[in-house]
Amino acid sequence: MWNIVTYRLVLFIIILSTLCFSCGEDQKIDWYSQAPSFSKTKLFENGDQPNRIRNFRDTLFVSFLNKPEIEMYDLNLNFLSSIPLTDLDTVIPTSFHITDSSMLVTENRKNRVILYSRDGKVISSFGSMPDNFIKLFPFDIIVYRGVAYITDILQKSVLAVSLTTTKDITEFGELILTIPKDSSHKIQFPSAVTISSDGRLYVGDAASGNISVFTCDGNYVYQFDSITTDTKLAIQAFAFDNIVDIEMLKKDETSFDPSGIRNQGRLHALDVNNKQVHLYSPIGKYINSYPSDSSLVSPTGIAIDVIQKQVFITDAKASKIIVFSY
């Protein structure tokens, strides 16, 4: 009897030790430096060209180069419904942003920004600076705390436009400021913009190949690491994941971090020229690039689902949405 008990105890200890060893090995994997890997592809066999993609909660919103609408999909890329886009005539989005109750769409070729309700009704639209003389050439757009940050390729800047009316403070559609404030920090072609959770504005410059960071009130902060690529970087879109740098957390756990930057995930910068996504830390330190093969033809949009850890990339020329996992 004692021999059987002893045998079972020894067997239990061996199994437990094996499991603990496996867990230890898993914890040693440097997930922060690991690039996402290919998961699956959705092919649009009808020739539709998916251009930009955003995720809002559990829904993916996709715009197209050849369709005046935004389509909605679940996180498994099953079609849900579509929202037709018009503003006197048809609208083919250059970029867009989704909020709880509205959609903001830029259309560069027709010099306009349009605010829609979530069911596609036009709330407002504008196509010029407040002087009603200088035309807008809007490209990318992001919304943060009631302000739309719109990249303008003619003004070579990011325009901060109020989306709220506050008595004696701002009116809807009012130009609050132009970024950068300081003319010494120029942006030649502001092709992409996003904002971190603590309010830092990231701007991709397709002409210089740089990524610069500003405060939301227009002050220059820093520039991302320069990296060696086949051609000059042309960043088309950004997205954050939720993988934090554990080593940095450990090293700096006793220092003051009011912005919470060490708890922010990696920034994925979509580079259409080199057909890759470049991974950076929130402070602009280069980490890695993916994919290593030629699976991307002409990528223009990126969205990340941080719950299921999926990266969705639109590729218009290939008529695909390609999914990576991390």
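**Strand pairing and residue environments in the predicted model**

Leu60 stands opposite Tyr73, a residue of strand 4. This pair belongs to a predicted model, in which strand 3, covering residues 59-64, and strand 4, covering residues 69-73, run antiparallel to each other and are joined over four bridges. Both strands are part of an open sheet of four strands, which has the order 2-3-4-5 and antiparallel pairing. Strand 2 (50-56) and strand 5 (79-84) form the edges of this sheet, and because each has a single partner strand, one side of each is left without a neighbour in the sheet. Averaged over the sheet and with direction ignored, neighbouring strands are turned by 25 degrees against each other.

For the protein chain as a whole, the secondary structure comes to two helices and 26 strands. The chain has 326 residues, of which 49% count as buried, and its accessible surface comes to about 16500 Å², with 54% of that area belonging to carbon and sulfur atoms. When contacts between residues at least 6 apart in sequence are considered, 48% of them join residues at least 24 apart. The confidence of the prediction averages a pLDDT of 90 over the chain, and 89% of the residues score at least 70. Over residues 19-27, however, pLDDT stays under 50, and for this stretch the model has one contact beyond four places in sequence.

A further set of antiparallel pairings is centred on strand 13, which spans residues 147-152 and is mostly covered, six of its six residues being buried. Val147, Tyr149 and Thr151 point one way from strand 13, whereas Ala148, Ile150 and Asp152 point the other way, and the residues of both groups are buried. Strand 12 (residues 138-144) pairs with strand 13 in the antiparallel sense over five bridges, and within this pairing Pro138 stands opposite Asp152. The hairpin that these two strands form has two residues between the strands, and in it Arg145 takes a positive phi near 50 degrees. Strand 13 also pairs with strand 14 (residues 157-162), again in the antiparallel sense, over six bridges, and here the bridge partner of Val147 is Ser162. In the hairpin of strand 13 and strand 14, which has four residues between the strands, a positive phi near 55 degrees is found at Lys156.

Two polar residues were examined individually. Gln236 lies in strand 20, which covers residues 235-240, and its relative accessibility of 12% is under the 20% limit, so Gln236 counts as buried. Residues up to four places away in sequence being set aside, Gln236 touches Arg52, Phe139, Asp140, Ser191, Ala192, Leu270, Val272, Pro299 and Thr300. Among these contacts, Arg52 falls within the range of strand 2 (50-56), while Phe139 and Asp140 fall within that of strand 12 (residues 138-144).

Asn288, by contrast, is found in strand 23 (residues 286-290) and counts as partly exposed because its relative accessibility is 25%. Its contacts, neighbours within four places in sequence being left aside, are with Ser33, Ala35, Val277, His278 and Leu279. The C-alpha atoms of Asn288 and Val277 are separated by 8.6 Å, the two residues being 11 apart along the chain. Towards Ser33, the side chain of Asn288 reaches the backbone oxygen at 3.0 Å.

Note on methods
Residues are numbered from 1 along each chain as its sequence is written. This is a predicted model: local features need pLDDT of at least 70, side-chain atom pairs count only at pLDDT 80 or more; totals for chains, interfaces and linings use all residues. Side-chain values use heavy atoms; hydrogens and water are left out. Two strands pair if DSSP finds at least two bridges between them. Axes are lines fitted to C-alpha atoms, for helices over the stretch in contact, and angles run from 0 to 180 degrees between N-to-C directions. Buried means under 20% relative accessible area, exposed over 50%, partly exposed in between (1.4 Å probe, protein chains only). Contact means heavy atoms within 4.5 Å. Accessible areas come from the Shrake-Rupley method with a 1.4 Å probe; for residues, only the protein chains shown count as cover. A polar contact is a pair of N or O atoms within 3.5 Å; within protein, one must be able to donate a hydrogen and the other to accept it, and residues adjacent in sequence count only if both atoms are side-chain atoms. pLDDT is the predictor's confidence in each residue, from 0 to 100.
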